[in-house]
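Thanks, everyone, for making the time this morning. I would like to walk you through one model, taking a few salt bridges to begin with and the helix packing afterwards, so please have the viewer open.

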Amino acid sequence: MSNRQRVLSGVQPTGDLHLGNYLGAIRNWVEGQSQYDNFVFIADLHAITVPYELATLSANTYSLAALYLACGLDLNHSTIFVQSHVSAHSELTWLLNCITPLNWLQDMIQYREKAVKQGENVSVGLLDYPVLMASDILLYQPDKVPVGEDQKQHIELTRDIVNRFNHLFAKPDHPVLKLPEPLIRKEGARVMSLTDGTKKMSKSDPSDLSRINLLDSPDEIAKKIKRCKTDPTRGLEFDNPERPESNNLLTLYTLLSGKTKEEVATECQDMGWGQFKSLLTETIINALKPIQEKYQTVTDEKGYLESVLRDGRQKAVAIANQTLAQAKTAMGYSVPL
Ligand code: ADP
Ligand code: TRP
């Protein structure tokens, strides 16, 4: 057993990964991975909480796993698995459902936002999404959960569920479920849309021009940056609330070029938008090139991805089933060995 701290996180296989997912989530997993024992998964049970394409669910799941590897997840430090391959996720969700007050779920921001978009068609699954997420986390007893800012409320709910569970079913000095901490980076935690600097870059935005996908070709990247929203002021600056696009694009440039914020502020303070856009385009293309090449290699090698996910499943099941048995025992079930 390693005594490194454990981290756990996942992304839903719903559409192409974009720079927001990369900078807000995956890059942080990769950068910290040698320091931690990492569990990362593809949240394909969460993907069906809104209407989805039957024909692409499985392909998107595999493509996301390939992207994890392409972004630099290293199997020496990280276990990669598919959520639906580990049935303990669904089972713990049921158990936790029965101790989670309904109004906690009705108050979740993401539920409300998504429910509005669905009208009459809101499923129980969408409401229950955060309890499934709590189960994803708690089964692996991680110390930290690296996510983007938008997921913070779900981690807080997970902590509330832990406290309630331990209060109901455990002795104060012997908690059954471990309290996880969110790990949210300041820079990149909220990458904004290219077409509106006040809105989050998102897979669900109907306009593909609003985001750069990790697998976009150089031509597509150039086109999107050419068309992205700017403002009439010459010279770019960070942190001016009147200029959200300037702040967002400078942040992208900073994170992808590896320069410091101060260096970028000085470099771009007198630049016209045209000149800055060329620089940003080139920087994005160069930053994504190695990811795209690795993606190609991983997907070209037949059977490789399946074997990675099979190994991942095995490791995940061993840990998840153990926590599940502990939770069931604490709740009064007799658990067969
Ligand atoms: P989306 O919001 O595009 O549908 P997901 O909800 O699947 O994407 O998010 C996957 C991960 O990427 C989460 O950790 C989330 O916090 C992070 N993330 C998503 N969008 C952004 C963004 N615009 N900026 C930073 N992080 C983001
Ligand atoms: N809800 C997360 C998102 O939309 C994905 C997710 C599901 C997750 N389960 C998780 C993230 C557990 C971290 C830990 O991005």
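Let me begin with aspartate 107, which is partly exposed, at a relative accessible area of 44%. I should say at once that this is a predicted model, so please take each value I quote as computed from predicted coordinates. The side chain of aspartate 107 meets that of arginine 112 in a salt bridge, with 3.4 Å from N to O, and arginine 112 is likewise partly exposed, its relative accessible area being 47%.

That pair belongs to a set of 17 salt bridges in the structure, and I have picked out two others to set beside it. Glutamate 237 and arginine 243 meet through their side chains at 3.0 Å, N to O; here glutamate 237 is partly exposed at 32%, whereas arginine 243, at 5% relative accessibility, counts as buried, the cut-off for that class being under 20%.

The other one is between aspartate 239 and lysine 261, whose closest N and O atoms are 2.8 Å apart. Which parts of the chain does this pair tie together? Aspartate 239 sits in the loop between helix H8 (218-227) and helix H9 (244-257), while lysine 261 belongs to helix H10 (residues 261-268), so the bridge links parts that are 22 residues apart in sequence. Aspartate 239 is exposed, with a relative accessible area of 53%, and lysine 261 is partly exposed, at 28%. Elsewhere, Asp208, Arg211, Asp216 and Lys224 are joined into one network by salt bridges that share partners.

Let me turn now to the helices. Helix H2 (residues 54-70) packs against helix H12 (residues 304-330) at an angle of about 85°, with the axes 11 Å apart, and the two are therefore roughly perpendicular to each other. On the H2 side the contact is made by Tyr62, Ala65, Ala66 and Leu69, which meet Tyr304, Leu305, Glu306, Val308 and Leu309 in H12. Sorted by class, that contact comprises 8 nonpolar residues, 1 charged residue and no polar ones.

H12 comes up again when we look at helix H3 (residues 88-97), in which Ala88, His89, Leu92, Thr93, Leu95 and Leu96 are buried. These residues cover an arc of only 165° around the axis, which places them on the same side of H3. What covers them includes strand E3 (78-82), helix H6 (124-138), helix H7 (152-169) and H12.

Terms used. Residues numbered from 1 in each chain as written. Chains lettered and ligands numbered in written order. Predicted model: local features only at pLDDT ≥ 70, side-chain atom pairs only at ≥ 80, totals over all residues. Heavy atoms only, no water. Axes fitted to C-alpha atoms, helices over the stretch in contact; angles between N-to-C directions. Helix = DSSP H or I, 4+ residues; strand = E, 2+ residues; numbered from the N terminus. Parallel < 35°, antiparallel > 145°, perpendicular 65-115°, else oblique. Contact = heavy atoms within 4.5 Å. Nonpolar A, V, L, I, M, F, W, Y, C, P; charged D, E, K, R; others polar. Buried < 20%, exposed > 50% of the residue type's maximum accessible area, 1.4 Å probe, protein only. Arc of directions from axis to C-beta. Salt bridge = Lys/Arg side-chain N within 4 Å of Asp/Glu carboxyl O.
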